[in-house]
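Here's a quick briefing on a ligand and the protein around it. Have the viewer open and follow along.

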Amino acid sequence: MPAISASAPGKIILFGEHAVVYGQPAIAIPVTQVAARAVVMARPTATSGEVLIDAPDIQTISLLQDLPAEHPLARILRILQAHLGLPAYPAFHLRVTSTIPIAGGMGSGAAVAVAILRAVSAFLNCPLDDATVNKLAFESEKSFHGTPSGVDNTVITYAQPIYFRRGQPFEKLATAAPHTFVIADSGQPGSTAEMVGAVRQRWKTDPRQMETCFEHIGEIVQQARSALESSQTRGLGSLMNKNHSFLQQIGVSTPFLDALVKAALQAGALGAKLSGAGGGGNIIALVETSNAEQVAARLSIAGAVRTIVTTLKPHSL
Ligand code: MEV
């Protein structure tokens, strides 16, 4: 069996996080820079019957059988094993690397899961199609937070901008003009499971107020879709600001994320918001391309641990 590599991009949610868990739409784009990619290689090993996992970014080097069942790498490998109906894996060496910050809101867990599913299934001569990769990656997401919408695994599997609604086939997003975004990592980890759980608690306590916020976010997503389709860049920026203020209201922003959003706007960004589950992780700012480096520099001064400039190219359907 030859060595097989596979990779998957990170993602950024442009609009609609959290509300998407409650049935509202969301818009997400892949981040295709090498600075945000999970890369996995499966290769033969001499040791019979053992799967050796080597994941230097999370300081893990272990046999699969020695990893706790709830370890994310064990979880995805067991999901694949069950899907393929394998009583046991043959021996192989699995190297997992990722430049996507862990717990940074850029889908590191889903990207690693997608890359593992692709590399290991191809290594075993049973390559999976995208729909199956997406389905199995969603199962893995469910084991980490009980109620994922599926937006993260979908945008990462298909690596294209999507308009997404839970439980429905995703739609490709048409975009009329290029848009440049600066992603800034707060360096503070945000746990998706915890943040989604906290939102659910608030929703149970005050369903009316939370549902109202989700509906407003859903309307913003619809308007953002039209703005992207018709290249109303400035309108898109103000929709990002509005989306951020609803994310503040549902309690997922932090003073530091708010400070980064403010710094981006002061540096001339057209709009900015947190992206992903919040509680830490990233913010994203829409910028004029000529101003991207300046906004990125200002975000670093404001305390971002790293910034990525990414461009959403025009896509037609
Ligand atoms: C996390 O990237 C996005 C959330 O909306 C959770 C989900 O959709 O599963 C917060």
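A polar contact here is a pair of N or O atoms within 3.5 Å. With that in hand, H18 is a good place to start: one of its backbone N or O atoms lies 2.9 Å from an oxygen atom of the ligand. Keep in mind that this is a predicted model.

**Polar contacts**
- K11 reaches the ligand through its side chain, with a polar atom there lying 2.8 Å from a ligand oxygen atom.
- H145 also uses its side chain, where an N or O atom is 3.5 Å from an oxygen atom of the ligand.
- On its own the ligand has 300 Å² of accessible area, and the protein covers 98% of that.

**Who's in the shell**
- The ligand is surrounded by 14 residues, and the closest are K11, H18, P148, S149 and D152.
- By type, the shell splits into seven nonpolar, four polar and three charged residues.
- At least two shell residues come from β1 (4–15), and at least two come from α4 (151–158).

**Where the ligand sits**
- If you're looking at pockets, the ligand takes up the space of the largest one.
- Why does the ligand lie between domain 1 (4–164) and domain 2 (174–312)? Because both domains give residues to the shell around the ligand.

How values were computed
Residues are numbered from 1 along each chain as its sequence is written. This is a predicted model: local features need pLDDT of at least 70, side-chain atom pairs count only at pLDDT 80 or more; totals for chains, interfaces and linings use all residues. Side-chain values use heavy atoms; hydrogens and water are left out. A residue is near a molecule or strand if one of its heavy atoms lies within 4 Å of it. A polar contact is a pair of N or O atoms within 3.5 Å; within protein, one must be able to donate a hydrogen and the other to accept it, and residues adjacent in sequence count only if both atoms are side-chain atoms. Accessible areas come from the Shrake-Rupley method with a 1.4 Å probe; for residues, only the protein chains shown count as cover. On a 1 Å grid over the protein atoms alone, a cavity is a set of points where a 1.4 Å probe fits but cannot get out, and a pocket is an open set with protein on both sides within 12 Å along at least five of seven lines; lining residues have an atom within 4 Å of a point. A molecule sits in a cavity or pocket if more than half of its atoms lie within 2 Å of its grid points. Helices (H or I, at least four residues) and strands (E, at least two) are DSSP runs, numbered from the N terminus. Ala, Val, Leu, Ile, Met, Phe, Trp, Tyr, Cys and Pro count as nonpolar, Asp, Glu, Lys and Arg as charged, and the others, Gly among them, as polar. Domain bounds come from an automatic or database domain assignment.
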